[in-house]
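I opened this entry to record what I looked up in the structure. My topics are burial, cysteines, rings and packing.

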Amino acid sequence: MVVNMDSVWSVDCGLPHFKRLTGNINTDVLIIGGGLAGILCAYFLQEQNVDYVLTERKTICSGVTKNTTAKITAQHGLIYHRLMKSEGNEKARMYLDANQEAVRKFAVLCSSIDCDFEEKTAYVYSKNDRRKLEEEAEALERLGISARVTEESRLPFGTAGAVSFPGQAQFHPLKFVSAVAKGLNIYEETFVKELTEDKAVTEKGEITFQKLIFATHFPIDNKHGLYSLKMYQDRSYVIALEDGPQIDGMYIDEAAGGMSFRNYKNYLLIGGGSHRTGQKGGNWEILRNCARLYYPNLDEKYYWAAQDCMTLDGIPYIGPYSRSMPGCYVASGFNKWGMTSSMVSAMVLTDLVLGKENPYAPVFRPSRSMIRPQLFANMGHSVKNLLTISAKRCPHMGCALKWNKEEHSWDCACHGSRFDGFGKLLDNPANGNLGEK
């Protein structure tokens, strides 16, 4: 049996390639970052006949996007009961409406693209807490969603029930991007190594711009916006079992350490094992233990890991980068829900770039209050790791790096930068390899 350390999306899809920038150019809007969020921003700006350029350090979707589980859903765990309590009914509805609109936009775009788009019901299950499920179902009913707690499940173990959320979807993200990206004004292998107020300096040329969108997963400007305090990064893991049973839906555990399930063709994808980057967690072993227990006759064909930016309040940062950076915008902190959050980002940022009001912008405003318990946890992690003695230090902000023996990488527990064994950058916010100045 051959097991591939790569996502199931990466092995059967050829993405278009784009030339490297050589020389100096001018543009109205510069987008930095060629993942799904940046590409959708470019797609919508092109629809509006806006002059733009997108730059990608490597090749498009070579980072986080290719490692998603590719669920297109507005059901982001048991979020709506919590949002109604913490943010009020109006903003909870705004969050729901934005993500439901994102699901609809995907459905429209995918109707003319061969990307294995399938409408599915999303489920959040709990192994032992039915009360949480009932509270979430009641919150969704108040927001106009016909949700219910169901005992029916195709999971291999017993649960206390699951909140069902109909009309959601799943797809093949790279097949989608392959179609959407064709014809966009993209430069690959174009590393922005320096930014001024209106100019991006790359290795082979300069880009003069009027407005700027950071779609770099973790924002790369440390001087403004306090994103290094407002976010941390979390790693999670996926295995694909060949000839797995069809579970007829997308499932996720409400518990932080639980697992998710979905099908892709004849594969059963099991996700979980999450932990803060740079710390210990369940990794792939917890998923393989599940497979051995419940699916002992199935072979693992693919395995991979994902990295996600987690915000202080569970809501992405989409909007103006900072009050001190006029004309600059950000899309980050997707909290493991990158598909709909990327679409919401493109919807909101396209309007803001065009000077239009967007009905969903207020709930995602990056400058909202930072006073949350997670802020102090992030500060504690940063102080601890800054004071930790380590032979290798992260070039981002000088934190100690820890060796990740499962993935053979040097990981930063402060902000989530990762490097391979040779010091090559794997995940930002660091903007260069170990040892580079």
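I start with the term I need most: a residue is buried if its relative accessible area is under 20%. I also note that this is a predicted model.

**Entry 1: helix α5**

By that cut-off S178 is buried, because its relative accessible area is 11%. I find S178 in helix α5. Setting aside its neighbours within four places in sequence, I list C13, G14, L15 and P16 as the contacts of S178.

Next I looked at the whole helix. α5 covers residues 173-181 and is mostly covered, with 8 of its 9 residues buried. The buried residues are P173, L174, K175, F176, V177, S178, V180 and A181. What do they pack against? I get α1 (36-47), α3, β7 (186-187), β13 (260-264) and α8 (338-353). After α5 comes G183, with a positive phi near 90°.

**Entry 2: H172**

I stepped back to the loop between β6 and α5, where H172 sits. Is H172 buried or exposed? H172 is buried, since its relative accessible area is 0%. A polar atom of the H172 side chain lies 3.1 Å from the backbone nitrogen of K175. K175 is itself one of the buried residues of α5. Beyond four places in sequence, H172 is in contact with V8, W9, D12, C13, C115, D116 and Y264. C13 also appears among the contacts of S178.

**Entry 3: nonpolar cores**

I then checked the cores. The largest nonpolar core has 88 residues, and I31, Y80, F176 and I213 touch the most other members. Which helix gives the most to this core? Helix α3 (residues 89-110) does, with 10 residues. Apart from this core lies another, of 24 residues, including L21, C328, V330 and L375.

F176 brings me back to α5, where F176 is buried. I31 was my next stop. Outside its neighbours within four places in sequence, I31 is in contact with G38, C41, A42, L45, Y52, V53, L54, T55, I213 and A215. I213 is on that list, and I213 is also among the residues that touch the most other core members. As general background, nonpolar side chains in soluble globular proteins tend to be buried together.

**Entry 4: cysteines**

How many disulfides are there? I count 1 disulfide. C399 and C414 form it, with their sulfur atoms 2.2 Å apart. The angle about the S-S bond is -95°, and the link is left-handed. C399 is in the loop between α10 (373-387) and β18 (401-404). C414 is in the loop between β19 (409-412) and β20 (418-420). The two are 15 residues apart. Both C399 and C414 are buried.

Why is C110 not bonded to C115? The closest cysteine sulfur to that of C110 is in C115, at 3.5 Å, and a disulfide needs the two within 2.5 Å, so this pair is too far for a bond. C110 is buried, because its relative accessibility is 5%. C290 is buried too, at 4% relative accessibility.

**Entry 5: aromatic rings**

I count 18 aromatic pairs. I looked up F157 and Y294, a tilted pair at 5.6 Å centre to centre, with 55° between the planes. F157 is in the loop between β5 (148-150) and β6 (161-170), and Y294 is in helix α7 (residues 283-294). The two are 137 residues apart. F157 is buried at 12% relative accessibility, whereas Y294 is partly exposed at 31%.

Ring pairs link Y125, F157, F261 and Y294 into a cluster. I also checked lysines over rings. The charged end of K127 sits over the ring of F157, 4.5 Å from its centre. The charged end of K105 sits over the ring of F44, 5.6 Å from its centre.

**Entry 6: Y125**

Y125 closes the list. I place Y125 in strand β4 (residues 118-126). Y125 is buried, with a relative accessible area of 1%. The Y125 side chain reaches the backbone oxygen of M259 at 2.9 Å. Among the contacts of Y125 beyond four places in sequence are L133, L155, F157, Y251, M259 and F261. I also took one distance: Y125 and Y187 are 62 residues apart in sequence and 42 Å apart in space, C-alpha to C-alpha.

Terms used
Residues are numbered from 1 along each chain as its sequence is written. This is a predicted model: local features need pLDDT of at least 70, side-chain atom pairs count only at pLDDT 80 or more; totals for chains, interfaces and linings use all residues. Side-chain values use heavy atoms; hydrogens and water are left out. A nonpolar core is a set of buried Ala, Val, Leu, Ile, Met, Phe, Trp, Tyr and Cys residues joined through side-chain atoms within 4.5 Å. Buried means under 20% relative accessible area, exposed over 50%, partly exposed in between (1.4 Å probe, protein chains only). Helices (H or I, at least four residues) and strands (E, at least two) are DSSP runs, numbered from the N terminus. Contact means heavy atoms within 4.5 Å. Rings of Phe, Tyr and Trp (its six-membered ring) pair if their centres lie within 6.5 Å; planes under 30 degrees apart count as stacked, over 60 as edge-to-face and the rest as tilted. A charge sits over a ring if NZ of Lys or CZ of Arg is within 6 Å of the ring centre and within 35 degrees of the ring normal. A polar contact is a pair of N or O atoms within 3.5 Å; within protein, one must be able to donate a hydrogen and the other to accept it, and residues adjacent in sequence count only if both atoms are side-chain atoms.
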